[in-house]
Structure formats: C-alpha cells, structure tokens
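Here are my notes from going through the model you sent over. Have the viewer open while you read, and follow the points in order.

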Amino acid sequence: MTGTTNMLGTITVTENPLPTITGTLSVCVNSTTQLTGSDTPAASNPWVSGTPGVATVSNTGLVTGVSAGSSVITYTNSNGCSRTATVTVYALPSISGTLTVCDNSTTQLTGSGTPATSNPWVSSNTAVATVSSTGLVTGVSAGSSVITYTNSNGCSITATVTVFALPSITGTLTVCSGSTTQLTGSGTPAASNPWVSSNTAAATVSNTGLVTGVSAGSSVITYTNSNGCSTTATVTVYASPSISGTLAVCIGSTTQLNGSGTPAASNPWVSSNTGVATISNTGLVTGISAGASVITYTNNNGCSTTATVTV
C-alpha cells in the first residue's frame, strides 16, 4: 500500500495486491521443486523457508527437500508484499531383499510404503534382469541392473541387482556299478555340500564331484557354486556284467564262457596271462599251460567283470 498528498491535503492511497505462489508444493528428500512468485521479487531475500532443516529455498524459488516434514515458504515481491505456501517433504522409500540372483532364478524385493499405481518397479537393463510390478526380480543373463522403486508420493530409490551366470558340469555322465566317474563344476564350489545326488541308491557323489555307481539306474547330480547358483546333470549307472561257464580247463582243451548283455565291439574278452590261457572274442578259452589267468569281459556300456580260469 502506498500514498501521496496533494496541495489540498488529500491523501491518495494505493493498495498493492498480494503476490501469488505457483508450483508443486510437495517434494521428496534430496529432490527439488520450482516455485514461482508473481510480479518482481524483492531485491533481498525474496524467498525464505520457515524450517530450513526440512526444506531450503533459493533466491529463485527452487525448493530442496532436506528431511521429512513441512516448511512454510514465504515469497516477498518488490512492493514488500508477501505470500506464504506450505511445502511438504516426503521421506525417500527403501528397498529390502536379496540383491543377487542367479540366471533363470528370482529374488523378491520389497519397497517401503505404498507403491505407485503405475510402474512402481523398473529395471534399467532388462537384458540382465526384469522386475515385476510386485518387485519380483528375474535373472536373465550375467551382469547388473539398477532397480528403481517409486512409492505413491512419487519418491524413488534405487538398488543394484547383480545376476550371476549358472555354473556348468563337465565329465562323463555314465558309470558302471562299483566304478567312479569324475565330474567338474565351473567356478568356485560352495563351501558346504557343493555336490548332491538325488538318488544315492543309484549313485553317490563326493564334495569333489567324484561319482560312484552303486546300482543300475540314474541320479540327478546337482552342483552349486560359491554364488549359490546351481546346475544339474543326470548320471546313468549301468549294472556290471556277469560271466558264466566252466572256469577250469585242461591243457589243449577249451571251455566256453558267456558274458551277460551285449559284448563290446572291440576286445570284449581279454586274458591276463596268455601263456596259461587264451580267449577268443566270443569267450572261448583255450588251456595253454598249467596255472591260472584272470579273464576280463567288457560289455557295450564299457562295464567289465572278471573271472579266474584254472588250467
């Protein structure tokens, strides 16, 4: 309000309208919102925050959220007229849950407060990890992705999820009953129970991946690495063959031995001492000289058994 006096002593009073404040009157901690005051701002301190511990305001009206709460913002124009507005500062949400996941596996993240109605969860790299609207992260390929959670106040927080590649298993996946096969897992094995057999009646496996065939059948072998990621391989266990026939023969005579199953294509029958006894590919033993020889029969699964023939 201003006034002037003329020669007649009449006072003229001018009433200036109050300024206005426009802009968004809510802001998240560590974020900003721009307020605008009408007319020309005062030359000094046109904008003032009543509670700078909650929100600060620059001379141009840029409000920065400092901590959750509210602060009265005062704007003064060049006429010395002021207007106030209350700015509410919302706390940032938080993300909880496991921030590592294996390829093709999931991990559940939880955001504090009420999620935004649209796209509350977003992954920066969907080639590495996707995230559902409920925060369920699925590993797609090895790498990392920044996951952003937004609550109903429009405040966001981020967390980086690391996706680990699945390990691999190498080695021979067949073994004979009573024999062993060595499997190898990629990377560093888990400190506890890195190797597990689903069917120990068919095959057992040691902590170093040594599989022992117990009886004919199959077992799923699971290998877990130090990242907690697992892969499986099925090991088939073949029954050991048997040898039937007469295990004694005279010098210069023969005895026919029979092996169970299908014989190996090459050298199914072998004599350990051909100076005592020879054996044909069909299992016919010929006595050569007095003594004993160990006869080995191998079937088409590569499984062997032995019998001692006395001449």
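1. Start with one cross-strand pair. Trp 47 sits opposite Tyr 75, which belongs to strand E10. Keep in mind throughout that this is a predicted model.

2. That pair belongs to a wider match-up. Strand E7, covering residues 47-49, and strand E10, covering residues 69-76, run antiparallel and are joined by 3 bridges.

3. Now look at what else E10 pairs with. Strand E11 (residues 82-90) also runs antiparallel to E10, this time with 8 bridges joining the two. If you want a landmark here, find Ser 71: the residue facing it is Val 87 in E11.

4. The connection is worth a click too. E10 and E11 make a hairpin, and 5 residues lie between the two strands. Within that turn, Gly 80 has a positive phi, at about 85°.

5. On to another sheet. How are E23, E27 and E26 ordered in their open sheet? The order is E23-E27-E26, 3 strands with antiparallel pairing. Strand E23 (180-182) and strand E26 (203-205) are the edges, and each has a single partner strand, so each has one side without a neighbour in the sheet. From one strand to the next, the twist averages 20°.

6. For the E23 side of that sheet, here is the detail. E23 and strand E27 (residues 210-213) are antiparallel and linked by 3 bridges. One residue to look up is Thr 180, whose bridge partner in E27 is Thr 212. As a general reminder, strands in a sheet pair through backbone hydrogen bonds, and the pairing can be parallel or antiparallel.

7. Next, a loop residue. Ser 141 lies in the loop that runs between strand E18 (136-139) and strand E19 (143-150). Is Ser 141 buried, exposed or partly exposed? Its relative accessible area is 26%, so Ser 141 counts as partly exposed, because that class lies between the 20% and 50% cut-offs.

8. Ser 141 also has company from elsewhere in the chain. Leaving out residues up to four places away in sequence, Ser 141 touches Asp 103, Ala 127, Val 128 and Val 163. Cys 102 is 39 residues away from Ser 141 along the chain, yet their C-alpha atoms are 8.4 Å apart.

9. Finally, zoom out. The protein is split into domain 1 (21-90), domain 2 (95-164), domain 3 (169-238) and domain 4 (243-310). Taken over C-alpha atoms, the centres of domain 1 and domain 2 are 34 Å apart.

Methods:
Residues are numbered from 1 along each chain as its sequence is written. This is a predicted model: local features need pLDDT of at least 70, side-chain atom pairs count only at pLDDT 80 or more; totals for chains, interfaces and linings use all residues. Side-chain values use heavy atoms; hydrogens and water are left out. Helices (H or I, at least four residues) and strands (E, at least two) are DSSP runs, numbered from the N terminus. Buried means under 20% relative accessible area, exposed over 50%, partly exposed in between (1.4 Å probe, protein chains only). Contact means heavy atoms within 4.5 Å. Two strands pair if DSSP finds at least two bridges between them. Axes are lines fitted to C-alpha atoms, for helices over the stretch in contact, and angles run from 0 to 180 degrees between N-to-C directions. Domain bounds come from an automatic or database domain assignment.
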